[in-house]
Amino acid sequence: VQLQASGGGLVQAGGSLRLSCAASGRLFSIAVMGWYRQAPGKQRELVATFTSGGSTYYSDSVKGRFTISADNAKNTVYLQMNSLKPEDTAVYYCAAKTSNVVYWGQGTQVTVSS
C-alpha cells in the first residue's frame, strides 16, 4: 500500500484546509484509514479515522471542527479542517491499517497563524 498526502499549507486562525490522501496498491486489505499529526516536540497523535465500514472517530481536540471522509472511486481519504487554531499546527500524516501492518504516507505541514 502506498499513500500520497497533500493539501497542507499556511492559514490564519479560523480558516480551513482540506488534506487528501491518495492510496494505491493492495487496497482490498485496508481496514482503517486515518490521519495523525505531530507538533514540534510532541508525540504523534491520532486525529481521525475512517473504517472500511464507514465508521468514523475523532479525537476530542478536533471533534466538531474536522471531518474525515472517503471517495472510493478515487481511492482517496480527505480531512476537512475548519475553524483552525494555532494549536492545530503540525505535520499531518495519513495512515492505512491492514490486519497486521500500518502503512504511512509522507507528512504534509499545516501551519495556523494567530
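Strand β9 (residues 90-97) and β11 pair in the antiparallel sense, over three bridges; strands here are DSSP runs (E, at least two residues) numbered from the N terminus, and two of them pair if DSSP finds at least two bridges between them. One of the contacts to look for is Tyr92, whose bridge partner in β11 is Thr108. Keep in mind that this is a predicted model, where local features need pLDDT of at least 70, side-chain atom pairs count only at pLDDT 80 or more, and totals for chains, interfaces and linings use all residues. Residues are numbered from 1 along each chain as its sequence is written, and side-chain values use heavy atoms, with hydrogens and water left out.

Now stay with β11 and turn to another partner. Strand β2 (residues 9-12) pairs with β11 in the parallel sense, over four bridges. Here Leu10 has Thr111 of β11 as its bridge partner. As background, strands of a sheet pair through backbone hydrogen bonds, either parallel or antiparallel.

What do the side chains of β11 do? Along residues 108-113 they alternate. Thr108, Val110 and Val112 point to one face and are buried, while Gln109, Thr111 and Ser113 point to the other and are not. Buried means under 20% relative accessible area, exposed means over 50%, and partly exposed is in between (1.4 Å probe, protein chains only). Gln109 also gives us a handy ruler to Gln80: the two are 29 residues apart in sequence and 15 Å apart in space, C-alpha to C-alpha. Gln80 is found in strand β8, and at 26% relative accessibility Gln80 counts as partly exposed.

Strand β8 takes us to an open sheet of four strands, with the order β1-β3-β8-β7 and antiparallel pairing. Its edge strands are β1 (2-6) and β7 (66-71), each of which pairs on one side only. On average, neighbouring strands of this sheet are turned by 15° against each other, direction ignored; the axes behind that angle are lines fitted to C-alpha atoms, and angles run from 0 to 180 degrees between N-to-C directions. At the β1 edge, five bridges join β1 to strand β3 (residues 17-24), and the two run antiparallel. Gln2 stands opposite Ser24 in β3.

Next, the disulfide. A search of the whole structure finds one, a disulfide being a pair of cysteine sulfur atoms within 2.5 Å. It joins Cys21 to Cys94, with S to S at 2.2 Å. Cys21 lies in strand β3 and Cys94 in strand β9, so the pair ties together parts that are 73 residues apart in sequence. The torsion about the S-S bond of Cys21 and Cys94 is about 60°, so this disulfide is right-handed. Are the two ends buried or exposed? Cys21 is buried at 0% relative accessibility, and Cys94 is buried too, at 1%.

Finally, look at the largest pocket, which holds about 280 Å³ of space. A pocket is an open set of points on a 1 Å grid over the protein atoms alone, where a 1.4 Å probe fits, with protein on both sides within 12 Å along at least five of seven lines; lining residues have an atom within 4 Å of a point. The volume is the space filled by probe spheres set on the points, which are joined across faces, edges and corners. Of the 15 lining residues, the closest to the centre are Leu27, Ile30, Met33, Asn72 and Val77. The elements giving two or more residues to the lining are β4 (32-38), β5 (45-51), β7 and β8 (76-81).
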